[in-house]
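Subject: The structure to look at

Hi,

Here is the structure I promised to pass on. Have a look at it first, then read my notes below.

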Amino acid sequence: MTKAEFIESLIGSLNGLSEDDIKKSKDYYEEMIDDRMEDGIPEEEAVSGLGTVDEIKDQILEEVPITKIVKERMKPKRALRAWEIVLLIIGAPLWIPITAALIVVALVLYLCFWIIILALYLCDFAVFIWGFGVIIGAFVQQYGFNAGLFMAGCGVASIGIAILLFFGFTKVAQGMIFLSKKMGLGIKRMFVGGKKE
Amino acid sequence: MKKAVLITILIAIGLIVAGGAMSFVSLAAAGFDIKNLFNISVSGADLNTVDITEDYTDLELKIDSDSIEIFKSSDENTHFTYYATDVHDYDVKVEENTLKIESLDKSASIKDIFVFRFQSEGSKLYLPKEEYDNFTAEVGSGSFSSKEEFKFDDVELDVGSGSIKLAKMTAKDLNAKTASGSVHADSCNGTEMSLTSGSGSVELNDITSDGKVQVKSSSGSVKAYNVTAKTVELKAGSGSVTTENVTCEEDFQVQSSSGSLNFTNTVSGNKFEGKSGSGSIHLDSCDGADMNLQASSGSIKGTVKTVKMFNGTSGSGSVKVPDDDPNGGKCVLHTGSGSIKISIDGMEETEADD
């Protein structure tokens, strides 16, 4: 693929982003290909070395906030005709609640996602604190040495479990964040697209 | 994996192993019985008996955390047996003609946070007489049981978390409630009876009352067998209601938010009301002068004893009721979504649709 073909394909795939964003991306990748060619790399090799258009599109989309993409997509490209305005007004009782509901659902899902992560760490913290509490209890309890030893053992083991859980939960949180990024990218892809490589 | 993370994980595993070993050794020393470890258990507690020779007419029990059973004394005195521990004891005395038994919490320090309470075999109260005036009992956590023949004027039982079992008890006014636990009343007599459970079932067997029998359960079933009373009122939040051989001189009223109603040989002299939120209603040889059965969503089926003026309506189902007969009472049946099929005992079904 030549530089011109690549840039044309990239611009097509970014259809839906603002003109500014498309231009920035176009300039950036043009410059990158030029630099590689100046270093003596053949044109096709310099292009293929950047990755596929889809891969680059994903990288660009990751950087652009979803709100900006939606805003750009919803912006009318021309003045609305009279019948379109009338249709919008007539359909308002239907599309406004549906849009509002979709926004609320998206917000709730987003909140749930972070609440789950927060809950995991809070559970871990609780186990950790409980461990210390039971160790303190082992020294002030009144049931004798064996009971104290049992409590101290439970406390020490709890602290160990809490430490292990911290690493486990961190992995879970990382996985969930990765998943959410992928989902966000998928949503962005729904708004942005056009010609493909 | 970074070295610091690896070291931290190894430390964590070390703590788990060390902690597990400490707990294992201490448990082994206690014969692998956690109750032995915290010597508040029955075997570690002292069995105390308090003998009371004074006479009294009323009883007042205030128990924090223990089960209590009432028995007949084998002699002329009152006896109270319980397990005393380092942190829990009882104050037993007769004052103002009242036997007062009250929990004493002896602990009042930071150590109390780490007090472990295990359910013991419970306390036992042996009463010398069969008849008393008033009996009040407040139990925080533990069951209450009285299975021998006693007679009281007023009985007021309030249990926080535990079951109530009553048998052969006679009381003019019997009021028993538990926030979390079942209530059983067997062979009891009285004028007014009120049995309530927050989250447990309530069951009545062989009950006779001159007045009203009132039963409520927020999230459990209600069962009433062989009950005779002036009026009966049964309410279940999210459980079914079952009655068998229930006779009411006046009104019989049953309600359930989300459970079925099953009536067998249940008869009332006046109102016979059954309301179900989302459950079916089944009648078997039931009767009442003024019957009214309503289900929001469920069928109403079964048999009644005598002829009536029937009025059956269903939002989305078939209605099959016997022919109207002005010589009997009336029977109103309604369901939001379900069929209605009622017939009269010993008579062939009619095809008359309302």
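Let me start with a cross-strand pair: Phe310(B) stands opposite Cys331(B), which sits in strand E26 of chain B. Before going on, please keep in mind that this is a predicted model.

That strand turns out to have two parallel partners. Strand E24 (residues 308-314) of chain B is joined to E26(B) by 7 bridges, running parallel. On top of that, strand E22 (residues 281-295) of chain B runs parallel to E26 (residues 329-335) with 6 bridges between them. Within that second pairing, Asn292(B) has Val332(B) as its bridge partner in E26(B).

Chain B as a whole is rich in such elements, with 27 strands and 2 helices. It has 354 residues, 43% of which count as buried. Among its contacts with a separation of 6 or more, 31% are between residues 24 or more positions apart. The chain exposes about 16,100 Å², with carbon and sulfur atoms supplying 47% of that.

Now the inside. The largest nonpolar core has 75 residues, and those with the most contacts inside it include Leu59(B), Leu125(B), Phe135(B) and Phe263(B). E22(B) turns up again here: it gives the most to this core, with 6 residues. If you click on Phe263(B) and skip its neighbours within four places in sequence, you will find it in contact with Phe252(B), Phe272(B), Ile281(B), Leu283(B) and Leu293(B), among others. A second, separate core of 19 residues includes Phe6(A), Leu17(A), Val47(A) and Val64(A). As a rule, nonpolar side chains in soluble globular proteins tend to be buried together.

On to the aromatics, where a search of the whole structure gives 19 pairs over all chains. One of them is Phe113(A) with Trp114(A), edge-to-face at 5.2 Å centre to centre and 85° between the planes. Phe113(A) is buried at 14% relative accessibility, while Trp114(A) is partly exposed at 39%. Another edge-to-face pair is Phe80(B) with Tyr90(B), at 5.1 Å centre to centre and 90° between the planes. Those two are 10 residues apart, with Phe80(B) in strand E4 (residues 78-84) and Tyr90(B) in strand E5 (residues 88-95) of chain B. Both Phe80(B) and Tyr90(B) are buried. There is also an aromatic cluster made of Tyr56(B), Tyr132(B), Phe135(B), Phe144(B), Phe150(B) and Phe152(B); Phe135(B) and Phe144(B) are also listed among the residues with the most contacts inside the largest core.

Last, the charged side chains. How many salt bridges does the structure hold over all chains? There are 16. In chain A, Asp21(A) and Lys68(A) form one, with the closest N and O atoms 3.2 Å apart. Asp21(A) is in helix H2 (residues 19-38) and Lys68(A) in helix H5 (residues 66-74), so this pair ties together parts 47 residues apart in sequence. Asp21(A) is buried, at 11% relative accessible area, whereas Lys68(A) is partly exposed at 39%. By contrast, Lys26(A) and Glu30(A), which form a salt bridge at 3.8 Å, are 4 residues apart in H2, about one helical turn.

Over in chain B, Glu95(B) and Lys93(B) form a salt bridge, again with a value of 3.8 Å between the closest N and O atoms. They belong to a network of salt bridges that links Asp91(B), Lys93(B), Glu95(B) and Lys100(B). Glu95(B) is partly exposed at 32%, and Lys93(B) is partly exposed at 33%.

Cheers

Conventions:
Residues numbered from 1 in each chain as written. Chains lettered and ligands numbered in written order. Predicted model: local features only at pLDDT ≥ 70, side-chain atom pairs only at ≥ 80, totals over all residues. Heavy atoms only, no water. Phe/Tyr/Trp six-rings, centres within 6.5 Å; stacked < 30°, edge-to-face > 60°. Buried < 20%, exposed > 50% of the residue type's maximum accessible area, 1.4 Å probe, protein only. Pairing = 2+ DSSP bridges. Contact = heavy atoms within 4.5 Å. Areas by Shrake-Rupley, 256 points an atom, 1.4 Å probe, with all protein chains shown as cover. Core = buried A, V, L, I, M, F, W, Y, C linked by side-chain atoms within 4.5 Å. Salt bridge = Lys/Arg side-chain N within 4 Å of Asp/Glu carboxyl O.
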